[in-house]
Amino acid sequence: MSAVRLDKYLAQSGQRTRSEAVRAVRAGQVRVNDVIARDPAAKVKDGDVVTLMGEVIGDDALQYYLFYKPSGVLTAARDSHAQTVMDLLPEALSRRKVLPVGRLDKDTTGLLILTNDGTLAHSLLDPKRHVWKRYIARVEGRLDESDVRAFEEGIQLSDFEAKPAKLAILEAGDETSIGEVLVREGKFHQVKRMFGACGHEVLTLHRAAFGPLTIPEGMQPGDHIKLTDEQLSLLRAAVASEETHA
Ligand code: URA
């Protein structure tokens, strides 16, 4: 929903006719995000919570966002010490319980999906669903074919065996290299630990894709967009299909 007039929003919800909606607003019966709205022409935006005589009405549908996470913020709802991704998003999203799907480390950048659709979130994180995530990692040392094979075979870590993943070497240098990794699990520090097990410390990590979704051109760290119907369909199809490459 793009911004829509409050009286129209109330009328569209089926709760009041347009003229009744105007009267309800003028009578102080309508609140937007807990503040009494006095102007029927005020704009209601995505994520705003509108109540009529205390009852939430209107657009309470499930919501889906793509966020370009910058480095240095936690993927958490709120934290008393550090900045979180929710601090960088409109408050209306927290009110609607639109939360990140999975986590990126504080220093990892890139694509984060946020939703209040718990069922889809759960499926997206389920390793059995084969939803691939694509990362670009700059690592210490020279990546070579032995690393590619190790990722292909799966890597035994101290507490679990990372399932087979795909590593493509984008740049190989004596000091640092750049690798593109496809994984479908999302265990804590998984990509960093897989590289670590191969003797390469990760210097920077960026998630470029989650299933079929990539960061749209021109989007900057800290930006968010609402998923289009097409993007959402692709995401749902990714969860439903056997194997989805990022
Ligand atoms: N793997 C990691 O090690 N860190 C992330 O943030 C995401 C995947």
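Methionine 53 sits in the loop between strand E5 (50–52) and strand E6. In this predicted model, the phi angle of methionine 53 is near 50°, a positive value in a residue other than glycine. Is methionine 53 buried or exposed? Its relative accessible area is 54%, and residues over 50% count as exposed, so methionine 53 is exposed.

Another residue can be described in a similar way. Asparagine 33 is found in the loop between E2 and E3. It has a positive phi of about 50°, although it is not a glycine. With 22% relative accessibility, asparagine 33 falls between the 20% and 50% cut-offs, so it counts as partly exposed. Here are the two loop residues side by side.

| Residue | Loop | Phi | Relative accessibility |
|---|---|---|---|
| Asparagine 33 | between E2 and E3 | about 50° | 22%, partly exposed |
| Methionine 53 | between E5 and E6 | near 50° | 54%, exposed |

Now look at the strands around these loops. They belong to an open sheet of four strands, which runs in the order E3-E2-E5-E6 with antiparallel pairing. Which strands form the edges of this sheet? They are strand E3 (35–36) and strand E6 (55–57), each of which pairs on one side only. Strand E2 (residues 30–32) pairs with E3 over two bridges, in the antiparallel sense. If you follow that pairing in the structure, you can find arginine 31 opposite isoleucine 36 in E3.

Next, step back to the whole chain. The domain assignment gives domain 1 (4–56), domain 2 (64–127 + 212–244) and domain 3 (133–210). Notice that domain 2 is written as two stretches of the chain. The centres of domain 1 and domain 3, taken over C-alpha atoms, are 51 Å apart.

Finally, there is the largest pocket, which holds about 330 Å³ of space. Where does the largest pocket lie? Domain 2 and domain 3 both give residues to its lining, so the pocket lies between them. The lining is made of 21 residues, and those nearest the centre of the pocket are Arg103, Tyr135, Gly186, Lys187 and His189. Strand E10 (133–140), helix H6 (190–197) and strand E15 (202–210) each contribute at least two residues to the lining. What kinds of residues make up the lining of the largest pocket? They divide into nine nonpolar, seven charged and five polar residues.

Note on methods: Residues are numbered from 1 along each chain as its sequence is written. This is a predicted model: local features need pLDDT of at least 70, side-chain atom pairs count only at pLDDT 80 or more; totals for chains, interfaces and linings use all residues. Side-chain values use heavy atoms; hydrogens and water are left out. Domain bounds come from an automatic or database domain assignment. Two strands pair if DSSP finds at least two bridges between them. On a 1 Å grid over the protein atoms alone, a cavity is a set of points where a 1.4 Å probe fits but cannot get out, and a pocket is an open set with protein on both sides within 12 Å along at least five of seven lines; lining residues have an atom within 4 Å of a point. Grid points are joined across faces, edges and corners, and a volume is the space filled by probe spheres set on the points. Ala, Val, Leu, Ile, Met, Phe, Trp, Tyr, Cys and Pro count as nonpolar, Asp, Glu, Lys and Arg as charged, and the others, Gly among them, as polar. Buried means under 20% relative accessible area, exposed over 50%, partly exposed in between (1.4 Å probe, protein chains only).
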